[in-house]
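Hi,

Here is the structure I said I would pass on. Have a look at it first, and my notes follow below.

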Amino acid sequence: MAAKPRFRKNAVEAEAVRTDTTEADALAVGAGEGGLDRKHPVDETLPPLRMFTSGLQHVAAMYAGVVAPPMIVGPAVGLSAKETAFLMGASLFTAGIATLLQTLGFWRIGAKLPFVNGVSFAGVTPMIAIGKDRGHDGIAVIFGAIIVAGLLGFVLAPYFCKLVRFFPPVVTGTVITLIGVSLLPVAFNWSQGGNATADDYGSMTNITMAAVTLVIVLALRKLLRGFLQQIAILLGLVIGTLIAIPAGITDFGALGDADVVGFPTPFHFGAPQFEIAAIISMCIVMLVCMTESTADMLALGKIVGRPADERTIEGGLRADTLGSAVSPLFNGFMCSAFAQNIGLVAMTKVRSRFVVAAGGVILVLLGLVPVAASVIALVPLPVLGGAGIVLFGSVAASGIQTLATAALEKGENALIVAAAVGVGLIPIAAPDFYHAFPEDLLVVLDSGISTGCVVAIVLNLAFNHWGRTPDAEPGTEAADSEQPKDPMALPVAH
């Protein structure tokens with residue numbers, strides 16, 4: 001079918017547009033459906049060397065984001081350096097499995113787009129609240145909650161993809177902002193040394209190393225271009241670690257204890273345990289992750305020229321949730337989309353899903369080499385803290401960017417954000433605020449992300465949906481929610 005031009009620059013161009021099928025339309029139709037006899041770029045395979053190097057680039061862009069959550073959660077629940085390194089290797093392994101589910105897929109599982117999956121930052125704060133100082137039991141409870149949340153999400157996927165209009169930018173932007181802000185105290189703790197009982201906690205040496213690393217990352221982002229700029233945080237960690245060696249704050253213990261080859265033994269930390277409060281908390285996180293992934297699929301579909309329809313979103317959510325349910329079997333955490341890799345697709349113009357699948361294979365192989373994960377464990381916490389300020393701050397910045405599209409001047413949207421952010425910041429600003437509440441409730445209440453998300457959703461429904469007539473005044477959130485948002489106006493970061 002001929003494409004209809006929106007604007008006509010001249011008669012010749014208009015005639016050409018009327019008589020010729022554009023390449024974009026032909027690719028969208030695909031071979032065998034009336035288009036050109038060629039594959040859509042999403043389904044193209046590249047030469048082996050280019051496939052590998054492009055896949056490795058995706059891994060490099062996401063590597064720090066995958067290993068950061070287990071690096072936070074491991075020490076918080078009381079795991080040793082060796083056990084934390086094992087947890088990082090398992091996270092790489094399960095991120096690879098989840099990415100393969102998304103890119104290759106089977107049946108109605110997988111978006112079959114160049115869609116990268118990894119450990120979600122959204123679950124970090126709730127997981128710490130669940131397992132803090134409980135050791136292996138804490139990890140077992142976390143894994144049990146993730147399994148239930150993943151299975152629930154899998155069941156809800158066909159219905160959730162129809163509810164996108166109830167998660168406008170005013171909700172998603174608030175939640176993403178809270179994710180970043182909630183994680184910043186972790187970066188500050190790292191910058192001081194990570195262990196409040198240590199003699200050098202908050203020392204000039206630790207804080208100086210954090211500041212130096214922060215400056216290095218910012219300088220690299222300013223001076224580098226292309227692929228190297230994309231991995232500026234990873235390069236900053238490497239340079240910061242090298243500088244930290246003569247300062248005597250680098251621990252090589254985990255590297256010496258790690259095996260060269262190993263398999264993430266199922267239930268390494270014991271059989272999963274199921275506690276209702278933990279399950280509720282992680283189910284809320286799963287809904288947040290499903291919202292993020294939906295926004296990312298819409299954006300990615302536009303970038304690669306294959307718009308994400310309802311069925312694509314349903315398949316993508318099924319891959320997300322199935323990957324999350326399976327991850328704890330191999331000692332991994334909840335999986336969701338990695339938005340930074342969507343930016344990499346846009347920058348490189350390499351749209352093949354098989355390139356990202358190659359990255360998934362690389363992640364699986366890295367997960368089978370524990371010594372590779374242990375190398376990351378060499379990074380001193382002050383160095384990681386300096387980079388973490390940028391990493392976590394960028395998550396908050398993405399949330400603010402999303403809120404900029406939320407029409408805060410209309411209706412009660414500003415009030416929704418104010419209340420949700422205010423409630424979400426309580427555990428950060430006043431950690432003992434809920435000390436008189438039942439312990440089971442604290443698992444949810446101590447997570448500003450979970451409470452802020454609930455408040456944002458409920459208030460959005462109350463102010464923008466309940467009691468509104470179908471012909472709500474144009475320009476209000478209720479009216480706007482009836483129309484699909486521009487997918488590029490929903491940036492989500494991890």
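S54 sits in helix α3. In this predicted model, S54 has a relative accessible area of 10%, under the 20% cut-off, so the residue counts as buried. Its C-alpha lies 6.2 Å from that of V355, although 301 residues separate S54 and V355 along the sequence.

On to the nonpolar cores. The largest one has 99 residues, and the members that touch the most others are V73, I142, I179, M282, F333 and F392. If you want one residue to start from, take I142: with neighbours within four places in sequence set aside, I142 is in contact with V73, V77, M127, I130, G131 and F333. There is also a second, separate core of five residues, with L46, M51, V350 and A358 among them.

Now the enclosed spaces, which I guess you will want to look at. How many cavities of 30 Å³ or more does the structure hold? There are five of that size. The largest cavity contains about 90 Å³ of space. Its lining is made up of 15 residues, and A64, A68, L237, L384 and L391 are the ones nearest the centre. Three helices each put at least two residues into that lining: α3 (48-77), α10 (232-247) and α17 (381-403). As for chemistry, 14 of the lining residues of the largest cavity are nonpolar and one is polar, with no charged residues.

The second largest cavity comes in at about 70 Å³. T172, V175, V288, T291 and E292 lie nearest its centre, out of 11 lining residues. Here the elements giving two or more residues are α7 (169-192) and α12 (276-304). The lining of this second largest cavity splits into eight nonpolar, two polar and one charged.

Then there is the open space. The largest pocket holds about 1,400 Å³. It is lined by 43 residues, with I72, A76, N189, W190 and G194 closest to the centre. Sorted by class, the pocket lining has 25 nonpolar, 12 polar and six charged residues. The elements that each supply at least two residues to this lining are α3, α4 (81-103), α5 (124-131), α7, α17 and α19 (426-429). Which of them gives the most? That is α7, with five residues.

Two residues of α7 are worth setting side by side. Both S191 and Q192 belong to that helix. S191 has a relative accessible area of 8%, which is under 20%, so S191 is buried. Q192 is at 28%, between the 20% and 50% limits, and therefore counts as partly exposed. Their contacts beyond four places in sequence go like this:

- S191 touches N206, I207, A210, L381, P382, G385, G386 and I389.
- Q192 is in contact with D200, Y201, G202, S203 and N206.

So N206 turns up in the contacts of S191 and in those of Q192. Q192 and T205 are 13 residues apart along the chain, and their C-alpha atoms are separated by 8.9 Å.

Back to α12, one of the helices at the second largest cavity. Why does its length look right for a helix? With 29 residues at 1.5 Å a residue, α12 should span 42 Å, and its end C-alpha atoms are 41 Å apart, so the two values agree. Most of α12 is covered, with 23 of its 29 residues buried. Just after α12 comes G305, which has a positive phi near 80°.

Finally, a couple of backbone angles to check by eye. W107 is not a glycine, yet its phi is positive, about 50°. W107 is in the loop between α4 and β1 (117-119). Its relative accessibility is 61%, over the 50% limit, so W107 counts as exposed. A407 also has a positive phi, near 50°, and is a residue other than glycine. You will find A407 in the loop between α17 and α18 (413-424). Is A407 buried or exposed? A relative accessibility of 16% is under 20%, so A407 counts as buried.

That is everything from my side for now.

Cheers

Conventions
Residues are numbered from 1 along each chain as its sequence is written. This is a predicted model: local features need pLDDT of at least 70, side-chain atom pairs count only at pLDDT 80 or more; totals for chains, interfaces and linings use all residues. Side-chain values use heavy atoms; hydrogens and water are left out. On a 1 Å grid over the protein atoms alone, a cavity is a set of points where a 1.4 Å probe fits but cannot get out, and a pocket is an open set with protein on both sides within 12 Å along at least five of seven lines; lining residues have an atom within 4 Å of a point. Grid points are joined across faces, edges and corners, and a volume is the space filled by probe spheres set on the points. Helices (H or I, at least four residues) and strands (E, at least two) are DSSP runs, numbered from the N terminus. Ala, Val, Leu, Ile, Met, Phe, Trp, Tyr, Cys and Pro count as nonpolar, Asp, Glu, Lys and Arg as charged, and the others, Gly among them, as polar. A nonpolar core is a set of buried Ala, Val, Leu, Ile, Met, Phe, Trp, Tyr and Cys residues joined through side-chain atoms within 4.5 Å. Buried means under 20% relative accessible area, exposed over 50%, partly exposed in between (1.4 Å probe, protein chains only). Contact means heavy atoms within 4.5 Å. The expected span of a helix is 1.5 Å times one less than its number of residues.
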